[in-house]
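Visitor: I would like a close look at one part of this model, the place where the annotated active sites sit. Please set that part in its surroundings as well.

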Amino acid sequence: MIKLFKVKEKQRENAENAKKQTAAELRLHKDISELNLPKSCSITFPNGKDDLMNFEVLIRPDEGYYVGGKFLFSFQVSPHYPHEAPKVKCKTKIYHPNIDLEGNVCLNILREDWKPVLNINTIIYGLYHLFTEPNYEDPLNHDAAAVLRDNPVLFGTNVKRAMSGGFVGHTSFSRCT
Amino acid sequence: MADSATSRSRDLDKLLLRPGNLVGPSFEPGPELRDDLRDYARVLVVGAGGLGCELLKDLALSGFKNLDVIDMDRIEVTNLNRQFLFRLEDVGKPKAEVAAKRVMERVNGVNIVPHFCRIEDKELDFYNDFNIIVLGLDSIEARSYINAVACSFLEYNVDDTPREETIKPMVDGGTEGFKGHARVILPGITPCFECTIWLFPPQVKFPLCTLAETPRTAAHCIEYAHLIKWDEVHSGKAFDPDDPEHMQWVYKEAVKRAELFGIPGVTYSLTQGVVKNIIPAIASTNAIISAACALETLKIASGCSKTLSNYLTYNGVEGLHIKATEFVRNKDCLVCGPGVLIELDTAVTLRKFIDMLEEHPRLLLSKASVTHRGKNLYMQAPPVLEEMTRSNLSLPLFDLMGKVSRDVVHVAGLSSMDNKKASSMRKLRVAFKGVPDGVTDMDMAGGA
């Protein structure tokens with residue numbers, strides 16, 4: 001190729017200096033353009049239509065313990081998507097066995113079971129599922145999990161109290177209904 | 001002086017001055033080739049770590065005289081066992097600068113320009129100035145980035161064959177303990193990094209609830225401190241893996257956690273390893289992989305032998321296994337593929353363009369969303385984005401693309417190829433009729 005190198009030296013191309021889109025951005029564009037969300041979930045893009053790598057999803061469960069509540073999740077998509085799952089945090093302080101008070105979410109497809117064939121739609125449905133079927137076997141909030149296991153009625157009362165901005169034990173929550 | 005130069009190139013001369021049967025297709029042996037290699041070949045080495053040190057030394061000793069090296073890291077004590085260009089007194093200095101200086105001191109006549117910065121900080125023009133890019137990196141993200149940059153220079157002819165003068169060859173090395181790989185990427189000819197991204201195994205991630213409730217290993221305790229405890233204590237402050245104080249804090253918390261559950265084995269170096277995903281590096285593996293990469297670089301530049309086709313794996317874990325595998329390109333690759341050529345009048349609106357995709361025999365793409373250089377021109381979903389992009393539908397695509405004569409756009413939608421409906425994303429080369437090349441409206445093209 002040395003011949004070509006010499007040619008290039010003489011007539012250096014004036015390549016357009018605009019960044020091309022990365023593979024992660026393209027794949028995300030496809031995911032987002034195909035979103036098909038249930039009525040109870042809505043998505044917003046705080047940085048406008050051209051930044052799809054950061055967005056928020058609002059979930060308003062229409063059944064189960066959390067009916068009537070509004071829960072906001074932030075999504076951060078890495079440049080390595082879809083080979084790495086997005087980072088998802090719950091921005092609303094919540095009393096939930098699988099979400100801790102810092103907003104960490106224990107959902108298998110966000111960590112150990114993530115696969116590149118999954119997409120943003122699957123994650124949002126997964127999150128929605130956490131509200132209809134909270135699971136005491138994979139606890140992140142140990143106390144909430146124990147109550148759900150031993151006394152589901154009390155768990156329901158605690159959820160209602162947390163959502164209306166009260167205390168559960170020593171922990172205070174903000175109103176999210 | 002002349003004598004030492006002659007003796008240094010003696011072995012190289014045997015390759016470059018004489019004809020042979022196993023040479024590459026365009027090989028023209030002779031002193032001119034040797035001199036051209038010295039005068040014209042510009043090689044960029046990405047990374048000045050374990051592989052980078054070896055690569056700079058190997059390339060300098062292989063007759064390349066114009067080298068650049070880019071690395072954002074500073075030298076640490078733990079580098080010294082294998083990154084042989086560095087000394088104890090260099091700790092804290094930029095790797096690129098020290099590596100360039102040391103090789104120039106030892107190899108007469110070689111000129112190495114160091115760049116102490118992130119690879120993303122350089123303009124595309126910087127990368128386009130090199131004839132070959134050699135990668136000595138440790139992350140998939142960085143490889144993916146350089147790959148996208150190199151492939152962005154690639155242009156195709158009307159018949160979808162690559163234009164040879166736009167091919168930016170890459171040679172990629174990688175090591176992990178006793179294992180390594182060397183590969184040759186000729187965009188448009190051999191598979192690019194994204195064509196074979198599936199080669200990388202998924203990263204191991206522990207379930208958060210295991211970390212929170214039932215830790216069983218030292219790594220579980222470390223990840224608990226890193227992922228859960230850190231946020232609990234430092235509300236809002238981001239964890240920085242390169243800050244020793246942060247690492248020390250995670251280590252101490254991990255030790256407490258391990259004691260609580262009676263788990264042995266938490267050490268500071270394991271903490272670093274787990275948090276930063278470090279695998280012990282072995283000097284000899286780096287040397288072997290670098291040697292293979294330097295040879296391929298020489299072969300690409302000179303044509304003195306056919307190049308590796310196209311992926312070499314080395315495994316020294318049990319016995320010694322080396323294998324070359326010929327991977328194939330993904331012809332629809334969004335990064336290196338030609339895309340489908342579409343010629344348009346400048347008056348065609350975005351709406352008309354989207355309708356045309358549905359009829360196009362090579363696409364049959366309905367409900368298309370369109371994106372161009374990071375700008376979403378139209379999104380079919382979700383409703384919030386559809387509304388924000390709807391007004392573009394009545395505008396000419398030519399205007400939306402900044403009035404360039406031709407450029408790449410990507411479209412996502414529902415494809416009906418082979419009588420099967422499937423969601424797909426395609427790359428398109430849009431060319432506007434009657435617009436001469438190179439005439440662009442700079443105000444538009446320069447926009448965000």
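Guide: What follows begins with the annotated cysteines and then moves outward to the two chains.

This is a predicted model, in which local features need pLDDT of at least 70 and side-chain atom pairs count only at pLDDT 80 or more, while totals for chains, interfaces and linings use all residues. Residues are numbered from 1 along each chain as its sequence is written, chains are lettered from A and ligands numbered from 1 in the order in which they are written, and side-chain values use heavy atoms, with hydrogens and water left out.

In an unreviewed entry, UniProt lists A:Cys106 as "active site". B:Cys209 is likewise listed by UniProt under "active site", from an unreviewed entry. UniProt positions are given in the numbering used here, with feature names shortened, and the annotations may be inferred rather than shown by experiment.

A:Cys106 is in the loop between strand 4 (87-90) and helix 3 (120-132) of chain A. Helices (H or I, at least four residues) and strands (E, at least two) are DSSP runs, numbered from the N terminus. B:Cys209, in contrast, lies in helix 8 (residues 208-213) of chain B. A:Cys106 has a relative accessible area of 9% and is therefore buried; the term means under 20%, with exposed over 50% and partly exposed in between (1.4 Å probe, protein chains only). B:Cys209 is also buried, because its relative accessibility is 7%.

The two cysteines touch: the contacts of A:Cys106 include B:Cys209 and B:Leu208, along with A:Asn98, A:Leu130, A:Asp138 and A:Leu140, when residues up to four places away in sequence are not counted. Contact means heavy atoms within 4.5 Å. Seen from chain B, and with the same sequence neighbours left out, B:Cys209 touches A:Cys106, A:Asp138, A:Pro139, A:Leu140 and B:Thr214.

On the chain A side, UniProt lists residues 23-168 as "domain: UBC core", from an unreviewed entry. That span is 31% helix and 15% strand, and its end C-alpha atoms lie 45 Å apart. Helix 2 of chain A has nine of its 11 residues buried, so it is largely enclosed by the rest of the structure. Among the buried residues are A:Arg27, A:His29, A:Lys30 and A:Asp31, as well as A:Leu26, A:Leu28 and A:Ile32. The loop between helix 2 (23-33) and strand 1 (41-44) holds A:Ser40. A:Ser40 is buried because its relative accessible area is 5%. Its contacts beyond four places in sequence are A:Leu58, A:Ile59, A:Arg60, A:Asp62 and A:Tyr128.

Chain B is divided into domain 1 (27-201 + 281-325), domain 2 (208-276) and domain 3 (340-432), with bounds from an automatic or database domain assignment. The centres of domain 1 and domain 2 of chain B, taken over C-alpha atoms, are 35 Å apart. Chain B has 16 helices and 13 strands, and its C-alpha trace spans about 70 × 65 × 45 Å along the principal axes. Of its 448 residues, 51% count as buried. Among contacts in chain B with a separation of 6 or more, 62% are between residues 24 or more positions apart.
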